[in-house]
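This report examines a single protein chain, moving from individual residues to the strands and helices around them and then to the chain as a whole. Please consult the sequence and coordinates while reading.

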Amino acid sequence: MAKLISTLFISADGVAEIDPDWHFPYFDENMGRAVSEDYEAADVLLIGRDTYDSFAGAWPQREAAGGQDAPFAKQLGDMRKVVVSRQQPAFTWRNSELLDGDLVAGVAALKDSDGVGGILIPGSISVVQQLLAAGLIDELRLLVHPVAARKGRRLFDDGAQPYHLKVALTEVYPTGVIRVIYTPSAAPGAAGYDDAKGQVHAAG
């Protein structure tokens, strides 16, 4: 079964709807390496309609321009892109297709498909939220910026049950960005104040 990875730029207060004003000042070679690792882990991109329109409106032109980012643009163009949309988009970017049917059922089938080793969801907050709720995401890779955005759409929406996560990797970059890779985890055992009070010690 293919591993399904979500990768997101996120602020310290949980905003995953990035604003270029607080995102790009923190983008350095370390973050670039992390992004490259995320894309190298997958052979299929799973993206929402808004993310697709944004990518398709920029990356083909960057590939054609032949600039410094052209090799990465070509990599994106060559990848299979499965788009989540309620309507049939007019695909202008090569290797793009519409996800058939229901999101959860379609993604479960994609994970089980022969020849699919890894699936990456870049951005696409609503898609990530629905697949987290369905228990289909295997890794949540966050690049946490040292800024409280204070506005914008947050990754974790309101819900009845918490998501319990295990830290698989952390990296701290000179810019203050923290890379965290989470995997789903079972809830810890029940505990309360009586269990915790012995862990706090007075100074001196």
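Does P89 count as buried or exposed?

## P89 and its surroundings

In this predicted model, P89 has a relative accessibility of 5% and therefore counts as buried, the cut-off being under 20%. The residue belongs to the loop that runs between β3 and β4.

Leaving aside residues up to four places away in sequence, P89 touches R49 and L98. L98 is also the bridge partner, in β4, of V83. Between P89 and G57, which are 32 residues apart along the chain, the C-alpha separation is 13 Å.

## Parallel pairing of β2, β3, β4 and β5

Strand β3 covers residues 80-84, and 4 of its 5 residues are buried. On one side of the pairing scheme, β3 runs parallel to strand β2 (residues 44-48), with 5 bridges joining the two. Within that pairing, R80 of β3 is the residue opposite V44. Strand β3 also pairs with strand β4 (residues 96-98), again in the parallel sense, over 3 bridges.

Strand β2 is mostly covered, with 5 of its 5 residues buried. V44, L46 and G48 point one way from β2, L45 and I47 point the other way, and all are buried. The pairing of β2 with β5 is parallel as well and comprises 2 bridges. There, V44 stands opposite I119 of β5. V44 thus has a facing residue in β3, namely R80, and another in β5, namely I119.

## Helix α7 and its packing

Helix α7 spans residues 125-133, and its buried residues are I125, V127, V128, Q129, L131 and L132. Which elements do the buried residues of α7 pack against? They pack against the strands β1, β2, β3, β5 (118-122) and β6, and against helix α6 (103-111). Just after α7, G135 adopts a positive phi of about 75 degrees.

## S6 in strand β1

S6 is located in strand β1. Its relative accessibility is 0%, and S6 therefore counts as buried. Apart from residues up to four places away in sequence, S6 touches I121, V128, I137, E139, L140 and R141. One of these contacts, V128, is among the buried residues of α7.

## D19 in the loop after β1

D19 occupies the loop between β1 (3-11) and α1 (20-23). What is the exposure class of D19, given its relative accessibility of 26%? D19 counts as partly exposed, because the value falls between the 20% limit for buried and the 50% limit for exposed residues.

The side chain of D19 reaches the backbone nitrogen of D21 at 2.9 Å. D19 and G152 are 133 residues apart in sequence, yet their C-alpha atoms are 8.4 Å apart in space.

## The chain as a whole

The secondary structure of the protein chain amounts to 8 helices and 8 strands. Along the principal axes, the C-alpha atoms fill a box of roughly 65 × 40 × 30 Å. Of the 204 residues in the chain, 38% are buried. The chain exposes about 11,500 Å², of which carbon and sulfur atoms supply 51%. Among contacts between residues at least 6 apart in sequence, 71% join residues at least 24 apart.

The UniProt record, an unreviewed entry, places the feature "domain: Bacterial bifunctional deaminase-reductase C-terminal" at residues 3-177. Over residues 3-177 the chain is 33% helix and 24% strand, with the end C-alpha atoms 25 Å apart.

## Confidence of the prediction

The average pLDDT of the protein chain is 93, and 100% of the residues score at least 70. Among the elements of the chain, strand β6 (residues 139-145) has the highest mean pLDDT, 98, and helix α8 (residues 193-196) the lowest, 86. Where pLDDT is low, predicted coordinates should not be read in detail.

Terms used. Residues numbered from 1 in each chain as written. Predicted model: local features only at pLDDT ≥ 70, side-chain atom pairs only at ≥ 80, totals over all residues. Heavy atoms only, no water. UniProt positions renumbered as here; feature names shortened; annotations may be inferred. Helix = DSSP H or I, 4+ residues; strand = E, 2+ residues; numbered from the N terminus. Buried < 20%, exposed > 50% of the residue type's maximum accessible area, 1.4 Å probe, protein only. Polar contact = N/O pair within 3.5 Å; in protein donor to acceptor, adjacent residues only side chain to side chain. Contact = heavy atoms within 4.5 Å. pLDDT = per-residue confidence, 0-100. Pairing = 2+ DSSP bridges. Areas by Shrake-Rupley, 256 points an atom, 1.4 Å probe, with all protein chains shown as cover.
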